[in-house]
Protein chains: 2
Amino acid sequence: MLSNSSKYAINAVLYVAVNSSIENKILAKDISRETQIPQAYLSKLMQELTRHNLISSVRGPNGGFYLTDENRGVSLLQIVNVIDGDNRLTSCMLGLHACDHQHPCAVHHLVGDTKTRFVENLEKTTVQDLVSDIKSGKSFLGI
Amino acid sequence: MLSNSSKYAINAVLYVAVNSSIENKILAKDISRETQIPQAYLSKLMQELTRHNLISSVRGPNGGFYLTDENRGVSLLQIVNVIDGDNRLTSCMLGLHACDHQHPCAVHHLVGDTKTRFVENLEKTTVQDLVSDIKSGKSFLGI
DNA sequence: AGATTTAAAGACTTTTTTATCCTTTTTATG
DNA sequence: CATAAAAAGGATAAAAAAGTCTTTAAATCT
Ligand code: FES
Ligand code: FES
């Protein structure tokens, strides 16, 4: 469903969202240590997210990654789309075509609603929403 | 969610289910042509399914693949488990651990029920169920 | 028995994904 | 200005997934 890379990206962004601010930026090294994501690989993902303005960074001393208020409004779907490309989530479960209610494949009914609902959820859920859940103890960060 | 290989496997099994019988076995070559699955690769998958008794085959003239009544009772989950291994579907969406309601990850609530429901559906839906759907026009086979 | 048809099996190649390493650029600070 | 800290970028390596090719074994038919 999600690639490893997307999972890493979401984990990393959430870690930054919870543990940093503009005055208190966080290093790739530290994210890597806390999330167990290999540092160099993580850096690549963060680069990509930065390039698309989904997260923010500055180089040099006291630099690192952080999220602006705008960044906190980014949806999970935006993250996944940047990392995995756009159509990973909208294609048919059996790989026959774009998932199409008009011409449902054999397993479509097993998952159809469910899948579009999942994508809708990814689309409407922002980083900030998840941070709220974590802060309120509704869900957990990390291992 | 499902690997390419699993998608191929389900497609191929359904094709066999709809288009063959014990008197009218079907060749890997023909399945390949109709489903667009590369022949050699398909053969590998079919071999694996045969080895686990999820489908049936005989070699030699008038041989090929077919399904017994028992094979038709096989669940989709059995197919996926043989091809992808057991824990692809039960692991956490963020790859943190086995998905655990007691200790939900940040995206668990977005997908939690949904995912277990999907797995339950795969478990309780048999090849024959899907064939019925196809025959009744509720869903479609192939492209 | 011999020839032919077909799946099974194994070795191999290619592509994609994941991961690492090394260099360059930017920024802050003494 | 020199130095150090950090991300950005590019090249490469390793692992996994997808796909191919060749040989072997089983079944049938003449
Ligand atoms: S058509 Fe295949 S999942 Fe919707
Ligand atoms: S705990 Fe992560 S999906 Fe359930």
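## Two helices in chain A

Helix axes here are lines fitted to C-alpha atoms over the stretch in contact, and angles between them run from 0 to 180 degrees between N-to-C directions. With that in hand, we can look at this predicted model. In chain A, α1(A) packs against α3(A) at an angle of about 75°, and their axes are 10 Å apart. Angles of 65 to 115 degrees count as roughly perpendicular, so α1(A) is roughly perpendicular to α3(A).

Which residues make the contact? From α1(A) come S5(A), Y8(A), A9(A), A12(A), V13(A) and V16(A). From α3(A) come Y41(A), L42(A), L45(A), M46(A) and L49(A). By class, ten residues of this contact are nonpolar, one is polar and none is charged.

## Around DNA strand C

Let's turn to the DNA. DNA strand C is surrounded by 25 residues, and the closest are N4(A), P38(A), P61(A), K44(B) and S57(B). Of the strand's atoms that come within 4 Å of the protein, 62% belong to sugar and phosphate. The surface near DNA strand C has eleven nonpolar, nine polar and five charged residues.

## Polar contacts with the strand

Some individual atom pairs are worth finding in the structure. In chain A, an N or O atom in the side chain of Y8(A) is 3.0 Å from a phosphate oxygen of DNA strand C. In chain B, a polar side-chain atom of Q47(B) lies 3.1 Å from a base nitrogen of the strand, while a polar backbone atom of G60(B) is 3.3 Å from a base oxygen.

Elements giving two or more residues to this surface are α1 and α3 of chain A, along with α3, β1 and β2 of chain B. α3(B) gives the most, with four residues.

How values were computed: Residues are numbered from 1 along each chain as its sequence is written. Chains are lettered from A and ligands numbered from 1 in the order in which they are written. This is a predicted model: local features need pLDDT of at least 70, side-chain atom pairs count only at pLDDT 80 or more; totals for chains, interfaces and linings use all residues. Side-chain values use heavy atoms; hydrogens and water are left out. A residue is near a molecule or strand if one of its heavy atoms lies within 4 Å of it. A polar contact is a pair of N or O atoms within 3.5 Å; within protein, one must be able to donate a hydrogen and the other to accept it, and residues adjacent in sequence count only if both atoms are side-chain atoms. Ala, Val, Leu, Ile, Met, Phe, Trp, Tyr, Cys and Pro count as nonpolar, Asp, Glu, Lys and Arg as charged, and the others, Gly among them, as polar. Angles under 35 degrees count as roughly parallel, over 145 as roughly antiparallel, 65 to 115 as roughly perpendicular and the rest as oblique. Contact means heavy atoms within 4.5 Å.
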